[in-house]
Amino acid sequence: MPFMEWNDKLLTGVKECDEQHKKLVNLINELYEAMKQGKGKEIIDKILNELASYADYHFSTEEKLMTKYGYPELSIHKKEHESFKKKVKEFIERKAKGEVTLSVEIMNFLKDWLFHHIMETDKKYGPFLSQKLGIK
Ligand SMILES: [Fe+2]
Ligand SMILES: [Fe+2]
């Protein structure tokens, strides 16, 4: 069983975002596997950086859609993205200085944050954006 299992409960109904969420879940699983298998720093850092930059890319996709269609909860949503980006950035910087290493706690933080953010925040834009995009 993967560290973070995809569940269709996570679907927002906005295809582009759902595909990106699946990719984020895959990257979290890749990172967990690399950690569990004791892979070297180079490999861990490569996946970690990929996860951070893909998360940034994904957040900007969502923010662009929400901005374009005038989603009323854009600013609060954006704040959650910002706080996650800040935490990940800080972790990467501290890791580069050798102050911290990737741990199960960090992995759980990434998994839980993504899960709760999708379930509680992203899913709220589902009906709104689907309607604007003419999906429903
Ligand atoms: Fe989001
Ligand atoms: Fe998202």
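**Entry 1: the iron site**

I count as donors the N, O and S atoms within 2.8 Å of the metal (3.2 Å for Na, K and Ca); water is not among the atoms, so sites may look incomplete. I am working with a predicted model, in which local features need pLDDT of at least 70, side-chain atom pairs count only at pLDDT 80 or more, and totals for chains, interfaces and linings use all residues, while side-chain values use heavy atoms and leave out hydrogens and water. Residues are numbered from 1 along each chain as its sequence is written, with chains lettered from A and ligands numbered from 1 in the order in which they are written.

Which protein atoms hold the iron ion (ligand 2) as donors? I found His 21 (NE2), His 58 (NE2), Glu 62 (OE) and Asp 122 (OD), at 2.1 to 2.2 Å from the ion. Along the sequence I read their spacing as H-x36-H-x3-E-x59-D. I also noted that Glu 62 bridges this ion and the iron ion (ligand 1), the two ions being 3.4 Å apart.

I then looked at the geometry. Four donors count as tetrahedral if all angles lie between 85 and 135 degrees; four count as square planar and six as octahedral if opposite donors are over 155 degrees apart and all others between 65 and 115; anything else is irregular. The four donor atoms of ligand 2 make angles of 84 to 169°, and the site is irregular.

Helices here are DSSP runs of H or I, at least four residues (strands: E, at least two), numbered from the N terminus. His 58 and Glu 62 sit four residues apart in helix H2, about one turn. An α-helix has 3.6 residues a turn, so residues three or four places apart point the same way. Both His 58 and Glu 62 are buried, meaning under 20% relative accessible area (exposed is over 50%, partly exposed in between; 1.4 Å probe, protein chains only).

**Entry 2: helix H4**

I checked the length of H4, residues 104–132. The expected span is 1.5 Å times one less than the number of residues. For its 29 residues that gives 42 Å, and the end C-alpha atoms lie 40 Å apart, which agrees.

Where is the kink in H4 centred? It is centred on Asp 122, at about 45°; the bend is the angle between axes fitted to the seven residues ending there and the seven starting there. Asp 122 is also one of the donors of ligand 2.

The buried residues of H4 include Trp 113, His 117 and Asp 122, and its buried residues pack against H1 (15–36), H2 (41–68) and H3 (74–96). His 117 is buried because its relative accessibility is 2%. Beyond four places in sequence, His 117 contacts (heavy atoms within 4.5 Å) Glu 62, His 77, Glu 80, His 81 and Asp 122. After H4 comes Gly 134, with a positive phi near 75°.

**Entry 3: Val 25 and the rings**

I found Val 25 in helix H1, and at 2% relative accessibility Val 25 is buried. Leaving out residues up to four places away, Val 25 touches Met 4, Trp 6 and Leu 114.

Next, I turned to the aromatic rings. Rings of Phe, Tyr and Trp (its six-membered ring) pair if their centres lie within 6.5 Å; planes under 30 degrees apart are stacked, over 60 edge-to-face, the rest tilted. I get seven aromatic pairs by this rule. Phe 59 and Phe 84 are edge-to-face, because their centres are 5.9 Å apart and their planes at 80°. Phe 59 lies in H2 and Phe 84 in H3, 25 residues apart, so this pair links distant parts of the chain. Ring pairs join Phe 59, Phe 84, Phe 109 and Trp 113 into a cluster.
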